[in-house]
Amino acid sequence: MPEGDTVYLAAARLRRALAGKTLTRSDFRVPKYATLDLRGQVVESVGSYGKHLFVRTPELSIHTHLKMEGVWRVYEPGQRWTKPGFTARLVLGTDDAEAVGFSLGLVEVLRRGDEHMAIDHLGPDLLGPEWDAGEAVRRLRERPERAIGLALLDQRNLAGIGNIYRSEVCFLRRVHPATPVGEIEDLPGLVDEAHRVLGEAAHKPPRRVLVYGRQRRPCPRCGTNLVVQLLGDDGDGTRADRGIYFCPKCQVRPTVNGVAEPGGPA
């Protein structure tokens, strides 16, 4: 699933292509909105919150989520699309640009006044102008027994982190991903690290990863082979079927009564 920086950068591309311009094409390729025509409407703004993206006209907000495979591409009018046309779920065009959302996981149209309903359940946006580190820490501490590797992935705690950055943040803080939130000595420092890492990825691309996807390769810090593991499902709906990458030497596994918990690399 795309990370918050991917959505943030997609919003920036759409903003350059659409903001302040009049729509000359409006093609919703989802049954619910198949007859909706926004031609003649001015795009007032484009923004993101966590992994959610919004294209706003004076009265409506087009809300999209990339989910696992979605992507936004911007073309010149008449330019050949670089992905199959049958995967396009939304096309928004102006006189000089055509924005196409391929394989979008979610497309919905909200009244501007109802846009908040799509994000009210989320924690603070790591890339937003109103980022609140204290609130993110507070939300994380509500479940002190929860593994930090799962807590970081839960968008209700802080919005924007996916599988890549939860691995990177835990590595940078030398925290094993199975460590309970309540046992992390400097939780505010870890939250600040998440804010820094995601901010650099969004504002200084391309992203550089240290451990994600690098199992069996040497740790950039100590040379030990990196591993990947699945974390157990804690029953609240957070996906636990994606491996988290870490160094077994730099990131010591939590212990129970001084004895290391069982379980090796997957």
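Here are two short exercises on strands and helices in a predicted model. Local features need pLDDT of at least 70, side-chain atom pairs count only at pLDDT 80 or more, and totals for chains, interfaces and linings use all residues. Numbering runs from 1 along each chain as its sequence is written, and side-chain values use heavy atoms, with hydrogens and water left out.

**Exercise 1.** Work out which strands stand at the edges of the sheet.

*Solution.* Start with the strand order, β1-β6-β7-β5, in an open, antiparallel sheet. (Strands are DSSP runs of E, at least two residues, and helices are runs of H or I, at least four, numbered from the N terminus; two strands pair if DSSP finds at least two bridges between them.) Next, look for strands with a single partner: β1 (25-28) and β5 (71-75) fit, so one side of each has no neighbour in the sheet. Now check a pair: β6 (residues 88-93) and β7 (residues 98-102) share five bridges, and A88 sits opposite F102 in β7.

**Exercise 2.** Describe how α2 and α5 cross, and what kinds of residues meet there.

*Solution.* First, take the axes (lines fitted to C-alpha atoms over the stretch in contact, with angles from 0 to 180 degrees between N-to-C directions). Those of α2 (residues 133-141) and α5 (residues 187-203) come within 10 Å and cross at roughly 120 degrees. Then list the contacts (heavy atoms within 4.5 Å): A133, A136, V137, L140 and R141 in α2 meet L187, P188, V191 and D192 in α5. Finally, sort them: seven are nonpolar, none polar and two charged (Ala, Val, Leu, Ile, Met, Phe, Trp, Tyr, Cys and Pro count as nonpolar, Asp, Glu, Lys and Arg as charged, the others, Gly among them, as polar).
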